[in-house]
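These are my notebook entries on a single chain. I set down what I looked up, in the order in which I looked.

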Amino acid sequence: MRLSHHFGKTLRQVPAEAETVSHQLLLRAGLVQQLAAGIYAYLPLGWRVLRKIEQIIREEMDAAGGQELFMPALLPIELWEASGRDQTMADIFFRVTDKRERRFVLGPTHEEIIVDLFKRQVQSYRDLPLMPYQIQVKFRDEARPRGGLIRVREFTMKDLYSFDTDWEGLDESCRKMLRAYQNTFDRCGVPTSIVEADSGAIGGKDSWEFMFFCDSGEDQAVLCSAGDYAANAEKAEFRKPTIPQEPPQAVEEVATPGVKAIDDLCAFLGISSWQTLKAVFYAADGQPAFVAIRGDMEVNETKLRNALGAVDLHMMDDAELTAAGLVAGYASPIGLKNVKVVADDAVPSSSNLVGGANKPDAHLRNLNYGCDWTADIVTDIAVAREGALCPRCGSPLTLQRAIEMGHVFKLGTVYSEKLGATFLDRDGVAKPAVMGTYGIGTGRLLAGVVEANHDEQGIIWPPQLAPYDTHLVALGTDRSDVVQACERLYEELQQAGISVLYDDRDESPGVKFNDADLLGMPLRLTVSPRTLTSQSVEVKRRSEKESTLVPLGEAAARLRELLKQP
RNA sequence: CGGGGUGUAGCUCAGUCAGGCUAGAGCGCACGGUUCGGGACCGUGAGGCCGGCAGUUCGAAUCUGCCCACCCCGACCA
């Protein structure tokens, strides 16, 4: 490709809209261009890399037993009504209506559709296991696209679905995918770690994410400093600080005029936050829920949502509180009626806590779970914070920003039961297939590759993903000997199977070298009057400072060697 | 959805508080010339519904109202 006619210009300045490194470099190098919030066009350079990423994914999926197919993106709403996800995923649907008023959604994911295909294709245990997959565009009306390609509304994703006869089979399919994912990310030059994850609205059982730790990430991972535990912050457990047990004492009201927040309460009474009971009111699918947690912890809304089995969950606002007859700041679990009570599992073992009195300007001392009040649900609903203790070994936990590069889910039989994906087992009994679902966002992976492979000058492509193997720089385009040597080399290399981005523009050396660094091809080849005095071409790796002179006649052979051994 | 911010040339921005604009700069772009191993220089030139609509005013990029778009934080996120 000649740069003089390449579609996609480099930018000297960082576009104001870009904050993360990958976003800036993707725009500056002319790999992508934004059309609207979270909607991007891939320019030729970006598209070449994306296709290479997809090819690596294909190879790894096929090697693990996957079979590529292709499903529609335009999906009748009825499929989603059948699974109930027309409700749980309503917020992220892009909806479409045809001229007969028939309703469709642009597919945000494809569990319902693959199950529909499965039902017609599979009847017997002898057909299983199966791992169909596709690489296809998804549409999600995300509340907030961000970070360039990191979270977008239209994106390409590899989604694979596994169907097994039993849970052991699912374990095996899952193992294969974990390995395939590890290979994929390794080959793409993105270091990832596997963390335990929440399974969210999709339902199902165990779930893991492949995290690339990186400050541009939007997710938080919780890591054990001794390496014994890694989890998404939404899911992370921790050892809760134990506090001195005391014999329960009688409840006693204490006047606390104007004291609402836990900090104020502690200061007012001269106690520590772990001696208090914090009360938070949530609306869970419209139903009020009273949430009690010790004052030294905070509520993890993902855990709470799972505990309540709720789809919509938010803290009640003042209007909702008033309507439910509740008093914020002075709430107490004692004497509550018609409100579901959820308590964090550290509460029952904490004695003589100070909590609200359910009336303004008063609190109660010596609240004891079991004696004075009980909850409908007692479970872990606390946020794991920096410095909390590892649930496995007790070492301190740290928080890390991360980009989720891939997700692996053990779905189990949730969808196969709901949608009737059954097979006849060897005993002649119809059983639901045991499913898994596995996703990799290709554009996000591209962003991850750039985040993981760059310096101050620009991108440093891993050779296996580079849009071109070499970047040929002609210095002195007004000299016919330079032009002739470049043209010859350009042809020769391509015939030898080496791809070349050829900077044939009439630009100064500085401009050309800077663009070469920005665009990041693995090998830079320079031909100039200087190199021609020895009939050679200067060869430099993007990842290194040193360059070497190679005789023009040997260039193709030598470059082929260099490209083989990074 | 809550909070914050920004919309002026292809890109980065000044001008807006204090109305007088016939709207500027740098980069990029076109043409001519000089340069040529790390974002060169000189000259000439093209390029703008100042996000949109409505209003105030003799006069609006500038003031007022409504709307839209984009970015950031949070909520949300198979």
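Is serine 536 buried or exposed? I find serine 536 buried, because its relative accessibility is 3%. I note that the model is predicted, and every value below is computed from it.

**Entry 1: serine 536 and the residue before it**

I located serine 536 in strand β30. Leaving aside neighbours within four places in sequence, I listed its contacts as Thr531, Leu549, Val550, Pro551 and Leu552. I also took a long distance from this residue: the C-alpha atoms of serine 536 and tryptophan 373 are 86 Å apart, with the two positions 163 residues apart along the chain.

I then turned to glutamine 535, which sits in the loop between α14 (529-532) and β30. Its phi is positive, near 50°, although the residue is not a glycine. Glutamine 535 counts as partly exposed because its relative accessible area is 49%.

**Entry 2: the chain as a whole**

I recorded 15 helices and 31 strands for chain A. Its C-alpha atoms fill a box of roughly 100 × 65 × 50 Å along the principal axes. Of the 566 residues, 52% are buried. Among contacts between residues at least 6 apart in sequence, 70% join residues at least 24 apart.

The chain is divided into domain 1 (3-207 + 405-451), domain 2 (252-379) and domain 3 (470-564). I noted 69 Å between the C-alpha centres of domain 2 and domain 3.

**Entry 3: the nonpolar cores**

Which residues touch the most other members of the largest nonpolar core? I found Tyr181, Leu445 and Trp461, in a core of 59 residues. This core draws at least three residues from each of domain 1 and domain 3. Apart from it lies another core, of 27 residues, including Ala236, Val291, Ala310 and Cys390.

I followed leucine 445 further. With neighbours within four places in sequence left aside, leucine 445 is in contact with Ile53, Ile57, Phe185, Cys188, Val190, Met405 and Ile440.

**Entry 4: two helices against α11**

I examined helix α2 (residues 44-63) against α11 and found an angle of about 110°, with the axes 10 Å apart. The two helices are therefore roughly perpendicular to each other. On the α2 side I listed Gly46, Val49, Leu50, Ile53, Glu54 and Ile57; on the α11 side, Thr442, Gly443, Leu445, Leu446 and Val449. By class, this contact has seven nonpolar, three polar and one charged residues.

I next took helix α1 (residues 21-28) with helix α11 (residues 442-452). Their axes come within 8 Å and cross at roughly 100°, which makes α1 roughly perpendicular to α11. Val21, Ser22, Leu25 and Leu26 of α1 meet Leu446, Ala447, Val450 and Glu451 of α11. I counted six nonpolar, one polar and one charged residues in this contact.

**Entry 5: helix α13 and arginine 542**

Which residues of helix α13 (residues 509-519) are buried? I recorded Lys512, Asp515, Ala516, Asp517, Leu518 and Leu519. The elements that cover them include α1, α2, β26 (458-459), β27 (470-474), β28 (500-503) and β29 (523-527). Glycine 520 follows the helix, with a positive phi near 80°.

Arginine 542 lies in the loop between β30 (536-541) and β31 (547-551). I classed arginine 542 as buried because its relative accessibility is 7%, and the cut-off is under 20%. Residues up to four places away in sequence are not counted in its contacts, which include Ala516, Asp517, Gly520, Met521 and Pro522. Arginine 542 also touches Asp455, Gln457, Gly458, Ile459 and Ile460.

**Entry 6: backbone and loop residues**

I found a cis peptide bond between leucine 128 and proline 129, with omega about 0°. Proline 129 lies in the loop between α5 (111-121) and β7 (132-139).

Glutamate 101 is not a glycine, yet its phi is positive, about 70°. I placed glutamate 101 in the loop between β5 (94-97) and β6 (103-106). Glutamate 101 is exposed, because its relative accessible area is 62%.

Finally, I checked asparagine 358, in the loop between β18 (353-356) and β19 (362-367). With a relative accessible area of 27%, asparagine 358 is partly exposed. Its C-alpha atom lies 51 Å from that of alanine 433, and the two residues are 75 apart along the chain.

Terms used. Residues numbered from 1 in each chain as written. Chains lettered and ligands numbered in written order. Predicted model: local features only at pLDDT ≥ 70, side-chain atom pairs only at ≥ 80, totals over all residues. Heavy atoms only, no water. Axes fitted to C-alpha atoms, helices over the stretch in contact; angles between N-to-C directions. Helix = DSSP H or I, 4+ residues; strand = E, 2+ residues; numbered from the N terminus. Parallel < 35°, antiparallel > 145°, perpendicular 65-115°, else oblique. Contact = heavy atoms within 4.5 Å. Nonpolar A, V, L, I, M, F, W, Y, C, P; charged D, E, K, R; others polar. Core = buried A, V, L, I, M, F, W, Y, C linked by side-chain atoms within 4.5 Å. Buried < 20%, exposed > 50% of the residue type's maximum accessible area, 1.4 Å probe, protein only. Domains from an automatic or database assignment.
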